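Me: I should like to go through the terms used to describe this structure and to hear what each of them rests on. Please take them one at a time.

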Amino acid sequence: MSTTTKQRSILNRALLAGTAIAGLAMGTSQTLAADPIVIGLTSDSSGQYANSGASDRRGMLMAIDEFNAKGGVLGRKIETVHIDTETTPATGSRVAERMISRDKVGYLIGAVSSGVANAISQVAQKHGVIYLNTNSSSPTESGANCHRVKFVWDGNGANFAKAAVKNTIASYGKNVIQVTNDYGWGHDTSAATKALIETYGGEVSDDILVPQGTRDFTAVLLKIQQAKPDIVAAAVGGDDQKALRSQVAELGMGQDYAWINNQQDWPDVYGLPKENLFGVFGTTWYYGLDLPGVDEFVAQYQEAYPDTKMRVPGNVFYNGYWATRSLLEAIEAAGTTNNHDVIKKLEQLRIPAEVRMQHDDAYMNPNTHQMQQTVYLATANTGSDDPDDLFTIVSHSSPEAVADTDADASCKLESFEDTPVNQP
Amino acid sequence: MLTTKGKAPIVSRQMLVFFAILLSYPLWADAAGLYEYLGIEIVIFIIYALGFNLLLGYTGLPSFGHGAYFGVGAYGYGLAQLYLDAGFIPGLLLAMLAGTVASGLVALFLSHRRGIYFALMTIAFGQVFWFLAIKLRGLTGGEDGLLNIFRPDIDFGLFQISLKSNFAFYYAVALIAVLVTLLLWRLVHSPFGMAIQAVRMNETRARFVGYQVWWIKWTVFTLSGAIAGLAGGLLNVAQESAFPDTMSLHASGLIVMMVLIGGGFVSFWGPVVGVIVYYLARDLLGSITEAWLLWYGLLFMAVMMFSPEGFAGGWGKLVAWVRRRKQGEVLMGGAQND
Amino acid sequence: MSAIQPVLNESLGMEFVTNLLPHLINGLALGLLFALIALGFTLIVSVMEVINLAHGSLFALGAYLAMVIIDPSLQNAGPIGLWYLGLPHLLRYAIALIVAPALVAVVGFGLELCLRRTYGKKKEYGLLLTFGAALVLEEAIRLTWGPVEQFLSVPKEISGAFIANGLIYSTYRIYAAAFGIFAIVLVWLFLAKTPYGAIIKAGAHDSEMVRALGINLPRLQLLVFGLGAALAAIAGIILTPIWGLRPHVGVDAVIPAFLIIVLGGIGSFWGAVLGGLLVGMGVAITGAYASAWSLLSMYLLLILVLTFRARGLFGKKTALEA
């Protein structure tokens, strides 16, 4: 399905770039059938998050294919355009401008990096185009940098920290060292974690900042050993996290301290040895959850993507799928593609637990536009020989228990009057 | 070889063609499958590249860290809006000033360096600026960038022009590009232009002839930094944000690549061609294949192998060849008549 | 007075042994690894005066090829495949350490043949050709192995950890640093003690002279470039078990390599080694006491050195300055 839409969009481009006659011919053919709805997929296919970006996009495409199989949305077929956002904000901004003005997309979906998500959402807000941030978990996305047109579907750093900190302090001790990636997401997550640590009686004895792009963590690991904490709370992301993980595993330091790793995206760990997965970490979904519908969902994934190296869907795919599906359902429920109406539907979104294959009902916070959902705490599943079955789910927390309570204060959504009307 | 004589018309024929394309772009962009915003970025990068080529093509000084001054301009413009509410034109002037100061300071370290050591120092300084842009989160917004710098109106006292639409902003950028082009064209044909070319051809000889080489290098570096700052300020207006990745080594490498692939070493217009080729390749290939960099990289290798003077050099050779052929035919015809 | 002195010394000594010493050791190991990364880079620069920006991509390619050689998917390839998979891990690793660099050397030969067209022209053309090659190689790696994080498995004989003075050290890192010394000495012996080395060194100083002596210069250049590429691959195989393996891992390698050779002085073998050690120390010490600035330290070090010594620590005048 995706290849045919891709070919069609290439054809369109060729026609557009060609002569005026070709342009006219296409104009007439379009009047025959209802115009398709075009969705711009802004996931990364190069840079730090290339791998997560690919998984994200597979999720979106599976939801779109489901709708196209039953005749599209409001009787209109859904087409997609994808351009690499390169894990680079300036590129995200340009890609969003291009998709909106050149490809006439009605909706934009996809992000893993918060920088890219920010850049895209600013352009989207200017044009009144609804944008779904599928997978960036920076708390600022639904806080200081929230927008009326933007909806955030992943749990954020604050949610995951809430799920992890209390349990860990109670079981392992009070002395905590933080290891923080020295950039926005790292600092925000680390600050949220620190506040919680202090709330639950813990004490942060040191916060080791590591620059983005660090490949050698030996100095950090030596420092941790010299300080002998009970708990190490890490907010290290992307490639840095991968390097940290393999170096901790090599030294066998995973067992010596209680590690809290804020969130672990499935594409980042799939295929790695289980020793690399030390400590506890958050996730919004796992394919091994014992809930109705999960097996069918996995089967559907495997049928749709028989050649993918990743044999089971993970949280990034799940978020991409559900964001897209919820948007399309909201358009259908609104009965129109008008952005204001669709935004209002999304703001009231509520999805029963059994439909979303989580433990609790999920709902959109209308003030921050972040999906409130169950957050799971997981650890490595060393007891299984199945290479796919990486996680053991330790606990699950309800959306209320892990709600990011600071977001409501820091997020100021633009009014509807200030959001241009857009009816794709 | 890039050589200019002292005398040159204020406006050349190529310049008129360039201005005509520049100013008519919004009229035919849609029909050609392009769009206004793409034009904005292309023209901004043309300004950047023209200024950069003053350094690379005319003076022969390769800077691999010029993204720093571009970025400093972008942040300078953004901070001027956020804290001083400066408005469009004062904001751009401040962006230029920021680029000038940053590059002027760095040039103090660089102007006594030559060749590879010059290039590598530019990298090191470029990385320092990039690092600081990410590090000074309170000022720059860290890796997320400086956001929500809304496009102001141009205030002419009696009336205002809104830059909200890409159409209006495109013309603002295009007019600035016209000014910069005219200015740089004059500059390379001035005595200063002669001097920088003398430095490129042989630095030692230029020194013996009596040029203050380090002063010339300092001035040209700072000047190209100022233009980079201006372009950075404009990109901030376009994207309503300033991002650190415009300062990365990768971004700095791309501007070198654009200028060289277009033929900055042999033609004033090389950078213009290079920017257009890069952006069109990226926009058209990028929407067809995810591996567009593979194809662009191969194209680039081929250019460096077979026509290292870039597109402008290739074109020059073609013109010369056609001319020679014509002359050859005339000569041959003459011979037969004998 | 005299009674207090030893006590003070002892406490300072203890302080040193428990706090600073581990970081110095770590810096030394890291520095040797950095030097290893820069080895092939400096060889090509000093002999051919080409800055090979594809160094990082060759580094990555070497690691990917080694990964395939160590753990190939040969289950369906019949008895030979099964026999190969049945070999000890350490043996397959050793094979990879020889075969993968050899394959990368062949890629290096190809790149050198492309580069020939730029000889005698502006140095920037050669440099940018290698930049283009870096883009192409990285994309080719991405297309072949995907963007997914991969895993270069290390034999258990040289992995794991040991405890010394109450701190855990990585066994593999000790082997890697030792291998760094081994490679540095080997390359030095080759350059200093063999006739090839003498010719190469002569080529670095005066290529006209070498040509005049009737030595086949093109073949020499091909050989040097292939050797440089192979050294990049070896560095990749050694480093990626620590850094992780992904298509753009080469960028992590090429920038330090770059800085190191400038720091040491272009054309100086021991300058590159010393540059590597300095960068390693700088990163490790700032990593311990001002970790947020650890990556910036190498740039500041470079600016500092070049401000006072225009050609780096041991640099001589080269054609690259013209």
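Reply: In this predicted model, Met364(A) has Met371(A), in strand 13 of chain A, as its bridge partner.

Me: Why are strand 12 and strand 13 of chain A said to pair?

Reply: Pairing requires at least two bridges between the strands. Strand 12 (residues 362-364) and strand 13 of chain A are joined by 2 bridges in the antiparallel sense, so the requirement is met.

Me: What makes strand 11 and strand 13 of chain A edge strands?

Reply: Strand 11 (350-351) and strand 13 (371-372) of chain A each pair on one side only. They belong to an open sheet of 3 strands in chain A, ordered 11-12-13 and paired antiparallel.

Me: How do you know that strand 8 and strand 9 of chain A pair?

Reply: Strand 8 (residues 231-235) and strand 9 (residues 258-263) of chain A run parallel and share 4 bridges. At least two are needed, so the two strands count as a pair. Within strand 9 of chain A, Trp259(A) is the residue opposite Val232(A).

Me: Which strands form the open sheet of mixed pairing in chain A?

Reply: That sheet has 7 strands, in the order 7-6-8-9-10-14-15. Its edges are strand 7 and strand 15 (391-397) of chain A, each of which pairs on one side only. From one strand to the next, the twist averages 25°. Helix 8 of chain A packs on this sheet and touches strand 6 (175-181), strand 7 and strand 8 of chain A. The direction of helix 8 makes about 165° with that of strand 7 of chain A. Angles here run from 0 to 180 degrees between N-to-C directions, so this value lies towards the upper end of the scale.

Me: What describes the packing of helix 4 of chain A with helix 2 of chain B?

Reply: Two packed helices are described by the angle and the distance between their axes. For helix 4 (residues 89-101) of chain A and helix 2 (residues 36-58) of chain B, the axes come within 8 Å and cross at roughly 145°. Arg94(A), Glu97(A), Arg98(A) and Ser101(A) meet Glu36(B), Tyr37(B), Leu38(B) and Glu41(B) in this contact.

Me: How do the residues of that helix contact divide into nonpolar, polar and charged?

Reply: The contact of helix 4 of chain A with helix 2 of chain B has 2 nonpolar, 1 polar and 5 charged residues. Tyr counts as nonpolar, so Tyr37(B) belongs to the nonpolar group.

Terms used:
Residues numbered from 1 in each chain as written. Chains lettered and ligands numbered in written order. Predicted model: local features only at pLDDT ≥ 70, side-chain atom pairs only at ≥ 80, totals over all residues. Contact = placed C-beta atoms within 7 Å.
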